[in-house]
Amino acid sequence: MAEEKKARSFGSPVEHDYQVILAPVVTEKSMALLQNGNKVTVKVLPSANKIEIKESFQRLYQVEVEAVHVINQPGKSKSRGGRYQGHVAGYKKAIVTLKAGNAVDLFKE
């Protein structure tokens, strides 16, 4: 008997999931990771851990997650015209590796 692959259900997203996963990170490197490595880069809540990120991502996008890597992106100081000093806030980001056969469309219309 050939076993059928069952579509895995992760349950419906809860409000906490939307607070943990904030926004996708759109850079040249993150788009290359998405196309070549099946990895999605997202901004996350600074207090979130890998387990929370994995569970929230699975419920929001209904895909299986293989691994989660977390990076604290430091803030940067910027100047405009050499006269005005400013600061760009740092954030926490996660690179989520999806299992083979799963895909996420971050730019739905």
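Let me begin at one residue, N102, which lies in the segment after strand β6. I should say at once that the model before us is predicted. N102 counts as buried, because its relative accessibility is 18% and the limit for that class is under 20%. Setting aside residues up to four places away in sequence, N102 touches N38, V63 and E64.

Those three residues also appear around L98, at the end of β6, a strand that spans residues 91-98. Apart from its neighbours within four places in sequence, L98 is in contact with N38, V63 and E64, and also with V40, F57, V65, E66, A103 and V104.

Let me now turn to the sheet. Four strands form an open sheet, in the order β1-β2-β6-β3, with antiparallel pairing. Its edge strands are β1 and β3, each of which pairs on one side only. On average, and ignoring direction, neighbouring strands are turned by 35° against each other.

Which residues stand opposite one another in these strands? Strand β1, residues 21-24, is joined to β2 by three bridges, and the two run antiparallel. Within that pairing, I21 stands opposite V44, and P24 has V42 as its bridge partner. On the pairing of β2 with β6, which is likewise antiparallel, there are six bridges. There K39 stands opposite T97 of β6.

Two helices are placed against these strands. Helix α2, residues 28-37, packs on the sheet and touches β2 and β6; its direction makes about 140° with that of β2. Helix α3 lies across β1, β2, β3 and β6, and it runs at about 120° to β3.

This brings us to the interior. The largest nonpolar core has 17 residues, and those with the most contacts inside it are I21, I53, F57 and L98. At least two residues of this core come from each of β2 (39-44), α3 (50-61), β3 (65-73) and β6 (91-98). As a general remark, nonpolar side chains tend to be buried together in soluble globular proteins.

Consider I21 more closely. I21 is placed in strand β1 and counts as buried, because its relative accessibility is 8%. Leaving aside neighbours within four places in sequence, I21 is in contact with V42, K43 and V44, and also with I53, S56, F57 and L60. The separation of I21 and V42 is 21 residues in sequence, while their C-alpha atoms are 6.9 Å apart in space.

F57 deserves a similar look. Is F57 buried or exposed? F57 is buried, with a relative accessible area of 0%. F57 is among the contacts of both I21 and L98.

F57 also belongs to an aromatic pair, and the count of such pairs comes to one. The partner is Y61: the arrangement is tilted, with 4.7 Å centre to centre and 45° between the planes. Both residues lie in helix α3, four residues apart, about one turn of the helix. Y61, however, counts as partly exposed, because its relative accessibility is 29%, and that class lies between 20% and 50%.

One further ring should be mentioned. K43 lies over the face of Y91, at 4.5 Å from the ring centre. K43 is also one of the contacts of I21.

To close, I return to the segment after β6, where N102 lies, and to N38, a residue touched by N102 and in contact with L98. L98, in turn, is one of the residues with the most contacts inside the largest nonpolar core.

How values were computed. Residues numbered from 1 in each chain as written. Predicted model: local features only at pLDDT ≥ 70, side-chain atom pairs only at ≥ 80, totals over all residues. Heavy atoms only, no water. Core = buried A, V, L, I, M, F, W, Y, C linked by side-chain atoms within 4.5 Å. Buried < 20%, exposed > 50% of the residue type's maximum accessible area, 1.4 Å probe, protein only. Contact = heavy atoms within 4.5 Å. Pairing = 2+ DSSP bridges. Axes fitted to C-alpha atoms, helices over the stretch in contact; angles between N-to-C directions. Phe/Tyr/Trp six-rings, centres within 6.5 Å; stacked < 30°, edge-to-face > 60°. Lys NZ or Arg CZ within 6 Å of the ring centre and 35° of its normal.
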